[in-house]
Amino acid sequence: MKKNIAVLPGDGIGPEIIAEAVKVLDKIADKYGHEFEYNYVDIGGCSIDKYGVPITNEGMEICKSSDSVLLGAVGGPKWDNCPPEIRAEKALLAVRKELNLFANLRPTKLFKYLASSSPLKEEVIGGGIDLLIVRELTGGVYFGAKKTENIDGQLVATDIMPYSESEIERIGRVAFETAMKRNKKLTSVDKANVLETSRLWRKTMHRLSNEYPEVEYSDALVDSTAMQLIKNPSQFDVIVTENMFGDILSDEASMLTGSIGMMPSASLSSGTRGMYEPIHGSAPDIAGLNIANPLGTILSAAMMLRYSFDMAEEAEAIERAVDKVLDEGYRTGDIMQENCKKVTCSEMGTLVANKL
Ligand code: IPM
Ligand code: MG
């Protein structure tokens, strides 16, 4: 199969980890007879430096005409003081919105070899952790109207959090369908004791749950969920939640497994095109040192093969290769354990590619 992939390395460690994912994709293309064409696009701070904007119109067009998008990470302290309209993160939000990527899937899985990297005690994670956060990605407070105004001599800032029934319903459907393919257990997370948007969210999810009688459905409040994720993470299978709650809970969930560097994500629309990226940031403190963990990005590339290109076998091959490399004791610094072999970012990519 021939696929064209928009590749957006971005800032900080972005280019390093993307290079390793491309190395692995090339090996897949070779082995399974596919052709992947990569179109590189600047995004974030590097684009601000070159063009004065975090993504150019041409760059956006390349993303829109691609079969899928692979992203590293954006942002860094160098661009923190840019005006809000040209902040590095703005480009990421713009791509999500323009490509209508409303469903963000963030799996958290405890790799058995890495259990000791988890900050949680053995008895808490003993039941295993394999959960999936389905985060609404193009609505809510991220995209609602914002302003800062002077009222009675002081600045007052407002961010509006709107959600329509149809926006809630479409992410709800993705969550129920995903739960059907997993363990048929879905927790919808909201703040219905306070927020109007959450009350509509809950009402809509309840209506949908009648259509999926096989799914064991429950509601939970976001504060209590934050607590339960630490207390008893094994109880969760699929969690569905709005944009900002999903942002926060997915960082928390990723740490249950020890390293955010391992976690991939997929942002999907109703068609097959998606955007795939590790959930970690650009880690400017270790940029250029070739010590970052590329596995989150490599596993994101695997998700791209599965969800956008319908290449389940190839995706599994990558996941198995990652498993084997960990089993053999190779580790980047962030997941280093006693008696393991410490490798660089590029060595890790090569090890995975060679296992394919
Ligand atoms: C994420 C990130 C982004 C978000 C930032 C970089 C805008 O934290 O993908 O989780 O908040 O969505
Ligand atoms: Mg985040």
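Is Ile48 buried or exposed in this predicted model? At 10% relative accessibility, Ile48 counts as buried, where buried stands for a relative accessible area under 20%, exposed for over 50% and partly exposed for anything in between, with a 1.4 Å probe and the protein chains only as cover.

The model is predicted, so that local features need pLDDT of at least 70 and side-chain atom pairs count only at pLDDT 80 or more, while totals for chains, interfaces and linings use all residues. Residues are numbered from 1 along each chain as its sequence is written, chains are lettered from A and ligands numbered from 1 in the order in which they are written, and side-chain values use heavy atoms, with hydrogens and water left out.

**View 1. Ile48 in helix H2 and Lys3 in strand E1 are shown with their partners in the chain.** Ile48 belongs to helix H2, which spans residues 45–51; helices (H or I, at least four residues) and strands (E, at least two) are DSSP runs, numbered from the N terminus. Between the C-alpha atoms of Ile48 and Ala21, which are 27 residues apart along the chain, the separation is 24 Å. Lys3 is found in strand E1, residues 2–10, and is buried, with a relative accessible area of 16%. From Lys3 to Glu35 the C-alpha distance is 6.3 Å, although their positions lie 32 residues apart in sequence terms.

**View 2. A salt bridge joins Glu98 and Lys64.** A salt bridge is counted when a side-chain nitrogen of Lys or Arg is within 4 Å of a carboxyl oxygen of Asp or Glu, and by this rule the model holds 24 salt bridges. In the pair shown here, the N to O distance between the side chains of Glu98 and Lys64 is 2.6 Å. Because Glu98 lies in helix H4 (residues 88–98) and Lys64 in helix H3 (residues 57–64), the pair ties together parts that are 34 residues apart in sequence. Glu98 is partly exposed, with a relative accessible area of 44%, and Lys64 is also partly exposed, at 30%.

**View 3. Asp159 and Lys146 form a salt bridge between two strands.** The closest N and O atoms of Asp159 and Lys146 are 3.3 Å apart. Asp159 is in strand E7 (residues 154–159) and Lys146 in strand E6 (residues 146–151), so that this pair, 13 residues apart, links distant parts of the chain. Asp159 is partly exposed, with a relative accessible area of 47%, and Lys146 likewise counts as partly exposed at 47% relative accessibility.

**View 4. Glu169 and Arg173 meet within helix H6.** The side chains of Glu169 and Arg173 are joined by a salt bridge with an N to O distance of 3.1 Å. Since the two residues are four apart in helix H6 (residues 165–181), about one helical turn separates Glu169 from Arg173. Glu169 counts as partly exposed at 22% relative accessibility, and Arg173 is partly exposed with a relative accessible area of 27%. The pair belongs to a network of salt bridges that links Glu165, Glu169, Arg173, Arg207 and Glu211.

**View 5. Ligand 1 is shown with the residues around it.** Glu89, Leu92, Arg96, Arg106, Arg135, Tyr142 and Asp247 surround ligand 1, each with a heavy atom within 4 Å of the ligand. Helix H4 gives the most to this shell, with three residues. Polar side-chain atoms of Arg135 and of Asp247 each lie 2.9 Å from an oxygen atom of ligand 1, and for Tyr142 an N or O atom of the side chain is 2.6 Å from a ligand oxygen. Of the 320 Å² of accessible area that ligand 1 has on its own, the protein covers 77%, as computed by the Shrake-Rupley method with a 1.4 Å probe.

**View 6. Lys184 and Ala283 are two loop residues with a positive phi.** Most residues other than glycine have a negative phi. Phi of Lys184, however, is near 60°, and this residue is placed in the loop between H6 and strand E8 (185–190), where Lys184 is partly exposed with a relative accessible area of 28%. For Ala283, phi is near 40°. Ala283 is placed in the loop between strand E12 (274–278) and helix H10 (295–307), and at 25% relative accessibility Ala283 counts as partly exposed.

Technical notes
Polar contact = N/O pair within 3.5 Å; in protein donor to acceptor, adjacent residues only side chain to side chain.
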